[in-house]
Amino acid sequence: MTETLRRTLRDSSAMRWAMLILLSGLTFSTYWFQDFFSGLKGLMETEMGFSSEEFGRILGLTTIANMFGMIIIGGIMLDKWGIRVAGIVFGGIAVLGGAISAMGAAGLFGADKSTMLNAIIVGRILFGSGLEVVCVVATRTIVKWFKGYDLALAMAINMGFGRLGSAMGTALSLDIAGGHVSPAVTFAAGLIGLALIMFLIYTVFDVKLDKQEKAISSEKSGEVCDTDEDFKFSDLITLLQNKSFLYIALLCVTFYAAIFPFMQYAPDLLINKFGFTQDLPQAGEVLLWGSKAFGAASVYIVFFLFAILFAVVPNNFENKQTKAMFKIGALVAFMAYLFVMKDILAIWLNNGAKTASLIPLGTIIFTPIFGNIVDKKGKAASLMILGSLLLIFAHVSLSVLHNVIIAYFGLLSLGVAFSLVPAAMWPSVAKIVAENRLGTAYATMFTLQNWGLGLFFWGIGALLDFVNKGVPDGQPKDYTIPILVLVGCGVISIFLSFLLKKADRDQNYGLELPS
């Protein structure tokens with residue numbers, strides 16, 4: 001009887017993974033909305049008359065509220081209000097922002113360029129204000145359900161859902177658009193609304209979990225205990241005085257500044273520098289239920305399912321031989337799928353948007369695998385160093401070199417780096433910071449990250465216009481200098497990773513040890 005009482009929902013493997021799927025809806029949809037504009041850059045220039053600087057302004061101003069403390073406020077609210085209220089409030093703000101952007105792109109506020117641009121920006125600012133706090137909510141909630149149960153793997157899978165959203169948003173936005181920007185924006189906004197409904201379903205189980213844990217606490221102490229302390233401003237000061245946390249937070253800035261802005265410009269770079277196509281030829285279309293968008297989406301879902309089957313499912317088998325056989329079976333099935341799809345994928349690899357989706361596609365495959373490695377083997381700081389090295393190779397291959405084969409390897413390396421560093425970085429924070437202050441810690445990281453993203457989103461667009469001043473419309477743009485700037489971010493990321501590794505040895509946080 002007592003043993004039954006002491007078991008909670010989080011002790012059930014099926015319930016933990018079910019909750020992860022519900023939470024990952026928010027991650028998938030917000031990452032889609034964050035990145036889907038990258039596939040529409042050319043269409044936004046031709047249909048709406050936007051310049052590269054205006055395109056960069058839309059992306060850069062997405063982070064403006066977060067640059068001035070919105071995420072810190074949200075993180076504090078998360079620690080005070082709890083996961084449920086913070087998720088609903090800031091998820092609602094993201095939904096509102098998506099709706100305003102969709103209405104602006106449809107011309108409901110006015111059909112002139114200036115009005116549409118400003119409406120989309122206002123919507124993106126609201127979306128951004130909710131986005132990062134929603135990400136903090138998702139990360140904090142995963143810690144709540146998975147601490148002691150494959151935490152790094154769970155975070156990696158959640159991140160995999162996010163990268164799946166990025167890949168599909170980048171690759172499918174033109175298919176959904178059908179020649180006009182508005183349908184793609186409306187679809188992306190609708191995804192966020194659907195994800196908020198999934199989160200509301202999750203809250204029902206979260207309430208039950210809290211009741212179970214309070215009952216256990218009451219049984220042990222004779223009264224219901226509330227172990228969370230109210231937030232104090234001194235907690236934030238203490239957090240910023242922690243060198244290990246600062247190294248991770250700054251690494252978050254430099255690493256993501258070299259990734260996310262590049263992803264938005266990658267399709268345009270491949271079209272301008274390597275002569276890739278903007279529109280996918282008919283021979284490269286995949287039809288499912290008569291829909292090109294569904295067909296293309298199925299390709300990314302197959303890649304994601306392979307990653308789950310290869311990295312996650314075998315962990316449920318105790319027999320090593322069974323694990324190995326299952327992985328070999330998944331790999332053989334995946335290789336057979338690639339063989340069947342080889343002609344279509346060859347056409348995709350000459351299309352700007354589809355090829356750029358190699359970046360998040362690499363994360364779909366590798367993030368769960370690396371998350372599993374962090375859980376079982378540790379080596380978090382070492383993996384961050386390796387990821388930063390791959391980041392430098394990727395940007396050099398795409399900026400200085402002019403060989404398309406090396407460019408493919410660069411994009412894939414970027415995807416692997418994008419898996420290595422986050423899979424190691426986010427779970428490491430939970431080892432350095434007390435659990436009841438993780439909301440504030442993650443919020444602080446996201447705030448610093450948004451300063452980097454805001455400056456680089458906008459700055460890359462402005463630098464691109466400056467470097468290509470006088471180049472006639474329709475002529476290839478030179479991306480060399482803007483991308484070389486990102487190489488510097490990679491160098492700084494390596495330096496910070498080494499500092500973190502040294503601090504881990506001094507403070508004994510256990511970042512290099514298994515979870």
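**A tour from Thr 115 outward**

Begin by selecting Thr 115, whose place is in helix 8, residues 113-146, where helices (H or I, at least four residues) are DSSP runs numbered from the N terminus. Residues are numbered from 1 along each chain as its sequence is written, and side-chain values use heavy atoms, with hydrogens and water left out. This is a predicted model, in which local features need pLDDT of at least 70 and side-chain atom pairs count only at pLDDT 80 or more, while totals for chains, interfaces and linings use all residues.

Is Thr 115 buried or exposed? Thr 115 is partly exposed, because its relative accessible area is 24%, and the classes are buried under 20%, exposed over 50% and partly exposed in between, with a 1.4 Å probe and protein chains only. Leaving aside neighbours within four places in sequence, Thr 115 is in contact with Phe 109 and Gly 110, contact being heavy atoms within 4.5 Å. Add Ala 105, ten residues from Thr 115 along the chain, and the two C-alpha atoms are separated by 9.5 Å.

Next, select helix 9, residues 151-177, whose 27 residues should span 39 Å at 1.5 Å a residue, which agrees with the 38 Å between its end C-alpha atoms; the expected span is 1.5 Å times one less than the number of residues. Centre the view on Ala 171, where helix 9 has a kink of about 45 degrees, the bend being the angle between axes fitted to the seven residues ending at a residue and the seven starting there. Of the 27 residues in helix 9, 26 are buried, and just after this helix Gly 178 takes a positive phi of about 60 degrees.

Turn then to the aromatic side chains and select Tyr 31, Phe 255, Tyr 256, Phe 260 and Phe 418, which ring pairs link into a cluster. Rings of Phe, Tyr and Trp (its six-membered ring) pair if their centres lie within 6.5 Å, and by this rule the count comes to 19 aromatic pairs.

Finally, colour the model by pLDDT, the predictor's confidence in each residue, from 0 to 100. The mean for the protein is 82, and 92% of its residues reach 70 or more. Among the elements, helix 7 (residues 83-105) has the highest mean, 91, and helix 1 (residues 2-6) the lowest, 49. Over residues 1-5 pLDDT stays under 50, and the model has four contacts for them beyond four places in sequence. Over residues 223-229 pLDDT is also below 50, and this stretch has eight contacts in the model beyond near neighbours in sequence.

Terms used:
Helix = DSSP H or I, 4+ residues; strand = E, 2+ residues; numbered from the N terminus. Phe/Tyr/Trp six-rings, centres within 6.5 Å; stacked < 30°, edge-to-face > 60°.
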